[in-house]
Amino acid sequence: MSSRAPRIEFAVGAFLLLALASLLVLAIASTNGNFGFGGDRYEVTARFTNLGPLRDNAPVKVGGVTIGQVSDITLDPVKLDSVVTLAIDNRYSDLPADTSAAILTSGLLGESYVGLAPGGDPDPLKDGDEIFLTQPSVDLMQLVGKYMFSGGADNAAGDDAAADPAAPAEGGSDEDLPPYLQ
Amino acid sequence: MPFVAATRSVGRAGLFTLSVLRASKPTADFLRELVREIYKIGARSLPIIAVGGAFVGLSVTLLGYRALDTYGAANQVSAMLGLGLYRELGPVLTALLFIGRAGSSIAAELGLMRATDQITALGLMAIDPVGKAVAPRFWAAVLCVPLLTAFFCSLAISASYFEAVHVIGVESGVFWQVLKDSVDFGKDFAMAFAKAAVFGAVAALVAAYVGFHAEPTIEGTSVATTKAVVNASLLVLMFNFVMSALLFR
């Protein structure tokens, strides 16, 4: 035992060091590096009429760059608005007070996120402030449905020629198609 | 009275857990035993964990490619790999491999100690058999399963990188960036290792309990080994569901 002990100790030491090294590499190379646990962030709220598919932990972006996360989503029991709490990195503490927030979607099927558009107010947003200028999530399917069944029907008959002067030249068979398919 | 018997066996397992925790004192002898157990059940499990992780990474990548390509999102394959690996596959498969590799040996060793009256002998020498034989194995497992999970995950990600970049043709930078964007440090990465520590504790406790209370015969040892693998695997899978449901809502 005593003659084998140093070898075992070396093997155990090598195992532990290797394991810790691979933990460290994994933590840096394969995660978002969000090591802080909320200490260096400030929170602002925003009210929306419709969140769409927005969830907790969705990114908060300015100009496509992630600066924070959605930390909480609740429903105001009186006004029945949804109240979204945004936790924003303290590095970006100079966002103007009239910054506006919109719920956007990356791509056609992508995740939804909160996009902030900075305004021109010299005062910055502070912890606990509310963003007043908001734009709710746009439901793509609802939009398509509205266009097909109301917008399309309204100007299908008379406005064909006016809406799309190139269409009638192609022939009469296009007449019975709604304008968006011509 | 099957209900009373079942309740009593749960109670015995709980009391056994308590006695293991109470017997864990960091004396020099305990630390020496701990190092030996880390070598036996941790370092010696490395090959099976590494190879297992690599093959899991390869097959998850193929599966993810097949599923995501339907939506034209094949370059998101590393998001599926990262989340699947850290949330479920890494801790669970490491624990299951660990149970097969080390849990069975814990149960067999303790069962044989029981069969050859070594546990009784320790007691006669006024040495606590739980503190001497069980506690070091328990703490070695709690320490080793998270570390083995780290090996499992790094091998799986490396193998997946090879498969995705060199075989399927995902862009290398896209692979890493999608992986980084999808895996949250606190919610996914840290939880994976918390889960792994719990699984290590469960696996070692079940194996030690079954081995420690084995029938003192040759057959009793083999029954204990079988029981340890079956019960520990089932418990790990159940704990995994409960922890996933609580942690990842």
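Is α8(B) mostly covered or mostly uncovered, and how many of its 28 residues are buried? I looked this up before anything else. I found α8(B) mostly covered, with 20 of its 28 residues buried. I note here that the model is a predicted one.

**Entry: the course of α8(B)**

I stayed with this helix and checked its span. At 1.5 Å a residue, its 28 residues should cover 40 Å. The end C-alpha atoms of α8(B) are 39 Å apart, so the expected span and the model agree. I then looked for a bend, and found one of about 30° at Met191(B).

**Entry: the contact between the chains**

Next I looked at where chain B touches chain A. I counted 23 residues from chain B and 19 residues from chain A in the contact. On the side of chain B, the elements that give two or more residues are α2 (28-42), α6 (129-168), α7 (172-182) and α8 (185-212). The helix I began with, α8(B), is thus one of the elements on that list. The largest share, six residues, comes from α6(B). I sorted the residues on this side of chain B by kind and got 15 nonpolar, four polar and four charged.

**Entry: the record for chain B**

I looked up chain B in UniProt, where the entry is unreviewed. The record places the feature "transmembrane region" at residues 46-68, 138-162, 189-210 and 230-248 of chain B. I checked two of these stretches against the model. Residues 138-162 of chain B are 100% helix and 0% strand, and the end C-alpha atoms of the stretch lie 36 Å apart. For residues 230-248 of chain B I noted 95% helix and 0% strand, with 27 Å between the end C-alpha atoms.

**Entry: chain A**

I turned to chain A. How many helices and strands does chain A have? I found three helices and eight strands. Along the sequence their order is α-β-β-β-β-β-β-β-β-α-α.

I wrote down the division of chain A into domain 1 (1-31), domain 2 (41-138) and domain 3 (141-181). Taken over C-alpha atoms, the centres of domain 1 and domain 2 of chain A are separated by 44 Å.

I also looked up burial for this chain. Of the 182 residues of chain A, 16% count as buried. Last, I took the contacts in chain A with a separation of 6 or more, and noted that residues 24 or more positions apart account for 60% of them.

Terms used:
Residues numbered from 1 in each chain as written. Chains lettered and ligands numbered in written order. Predicted model: local features only at pLDDT ≥ 70, side-chain atom pairs only at ≥ 80, totals over all residues. Contact = placed C-beta atoms within 7 Å. Helix = DSSP H or I, 4+ residues; strand = E, 2+ residues; numbered from the N terminus. Nonpolar A, V, L, I, M, F, W, Y, C, P; charged D, E, K, R; others polar. UniProt positions renumbered as here; feature names shortened; annotations may be inferred. Expected span 1.5 Å × (residues − 1). Bend = angle between axes of the 7 residues up to and from the residue. Buried ≥ 20, exposed ≤ 12 C-beta atoms within 10 Å, placed from the backbone. Domains from an automatic or database assignment.
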